[in-house]
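Student: I have not seen this structure before. Could we go through it together?
Tutor: Certainly. Please have the sequence and the model in view.

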Amino acid sequence: MRRWRHPPVYRPLVDLSTMEERHVIITYRFDRATIQELCTQLEPDLMSAIHYPTGIPPQVQVLSVLHLLASGSFQTTVAIASGMSQPMFSNVLSRVLSSLLKHMRSYIVFPQVEDLPTEKGDFYALGHIPNIIGAIDGTHVALVSPPQE
């Protein structure tokens, strides 16, 4: 007798709507509204790659990748916390990052050359550190211009 294999049904372990806002920000480095906006923007890309509802919902895909990026943890650890296997998380990571790259210009903006003096002045007023032109999550990243040839 032949057994029919049924596709697995994913049961999300994380529900963003039940988390306290403070916990959302600590875990994902974004507030709930920003995450929901991001999920809405990425959903078409993430839905086309996976057959919902038997697969992983787009919001869970986005949340798991944001958790990895915010924590700097390992794929296996985040996959377990998200309720999926490491190979599945690896696929999810690739899809979400590819989708994020398509929308990168609406989230990451570099100052124009003519705006640099104003940017430097504004950042100096905030922290009294000279020659700062931007910030990434409060982390200091030294940018060095390439050598002139």
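Student: Where does Ser71 lie?
Tutor: Ser71 is part of helix α3. Please keep in mind throughout that this is a predicted model.

Student: Is Ser71 buried or exposed, or something in between?
Tutor: Ser71 counts as partly exposed, because its relative accessibility is 40%, and the buried class ends under 20% while the exposed class begins over 50%.

Student: How far is Ser71 from Thr27 in space?
Tutor: Their C-alpha atoms are separated by 7.5 Å, although Ser71 and Thr27 are 44 residues apart along the chain.

Student: What about Ser64, buried or exposed?
Tutor: Ser64 also lies in helix α3. Ser64 has a relative accessible area of 1%, so it is buried.

Student: Which residues does Ser64 touch?
Tutor: Leaving out residues up to four places away in sequence, Ser64 touches Val78, Ser82, Met84, Phe89 and Val92.

Student: Now to the helices. At what angle do α3 and α4 cross?
Tutor: Their axes cross at roughly 140° and come within 10 Å of each other. That angle makes α3 oblique to α4, because roughly antiparallel would need an angle over 145 degrees.

Student: Which residues make that contact?
Tutor: On the α3 side they are Val60, Ser64, His67, Leu68 and Ser71. On the α4 side they are Gln75, Val78 and Ser82. The two serines we discussed, Ser64 and Ser71, are thus both among the residues that α3 gives to this contact.

Student: How many of them are nonpolar, polar or charged?
Tutor: The contact of α3 with α4 has 3 nonpolar residues, 5 polar ones and no charged ones.

Student: And what is the handedness of the crossing?
Tutor: The crossing of α3 and α4 is right-handed.

Student: How do α3 and α5 pack, then?
Tutor: Those two helices pack at an angle of about 90°, and their axes are 9 Å apart. This makes α3 roughly perpendicular to α5.

Student: Which residues are involved there?
Tutor: Helix α3 contributes Gln61, Val62, Ser64, Val65, Leu68 and Leu69. From α5 come Phe89, Val92, Leu93, Arg95, Val96 and Leu97. By class, the contact of α3 with α5 divides into 9 nonpolar, 2 polar and 1 charged.

Student: Let me change topic. Which residues of the largest nonpolar core touch the most other members?
Tutor: That core has 23 residues, and those touching the most other members are Leu16, Tyr28, Ile35, Val62, Met84 and Phe89. The elements giving two or more residues to the core are α1, α2, α3, α4 and α5. Helix α3 supplies the largest share, 6 residues.

Student: Why would nonpolar side chains be buried together?
Tutor: In soluble globular proteins, nonpolar side chains have a tendency to be buried together.

Student: What is Leu16 in contact with?
Tutor: Not counting neighbours within four places in sequence, Leu16 is in contact with Val24, Tyr28, Arg32, Ile35, Gln36, Gln59 and Leu63.

Student: Back to α4 for a moment. How far is Thr76 from Ser90?
Tutor: Thr76, which sits in helix α4, is 9.0 Å from Ser90 when taken C-alpha to C-alpha, and the two are 14 residues apart in sequence. Thr76 has a relative accessible area of 44%, so it is partly exposed.

Student: What is phi for Arg29?
Tutor: Phi of Arg29 is near 65°, which is a positive value in a residue other than glycine. Arg29 is found in the loop between α1 (21-28) and α2 (32-48). With a relative accessible area of 44%, Arg29 is partly exposed.

Student: And what is phi for His128?
Tutor: His128 also has a positive phi, near 55°, and is a residue other than glycine. His128 is placed in the segment after α6 (116-127). Its relative accessible area is 56%, so His128 is exposed.

Student: Finally, the whole chain. How many helices and strands does it have?
Tutor: The protein chain has 6 helices and 0 strands. Of its 149 residues, 25% count as buried.

Student: What share of the contacts comes from residues 24 or more positions apart?
Tutor: Such pairs account for 51% of the contacts in the protein chain with a separation of 6 or more.

Notes
Residues numbered from 1 in each chain as written. Predicted model: local features only at pLDDT ≥ 70, side-chain atom pairs only at ≥ 80, totals over all residues. Heavy atoms only, no water. Helix = DSSP H or I, 4+ residues; strand = E, 2+ residues; numbered from the N terminus. Buried < 20%, exposed > 50% of the residue type's maximum accessible area, 1.4 Å probe, protein only. Core = buried A, V, L, I, M, F, W, Y, C linked by side-chain atoms within 4.5 Å. Contact = heavy atoms within 4.5 Å. Axes fitted to C-alpha atoms, helices over the stretch in contact; angles between N-to-C directions. Parallel < 35°, antiparallel > 145°, perpendicular 65-115°, else oblique. Left-handed = near helix turned anticlockwise from the far one by under 90°. Nonpolar A, V, L, I, M, F, W, Y, C, P; charged D, E, K, R; others polar.
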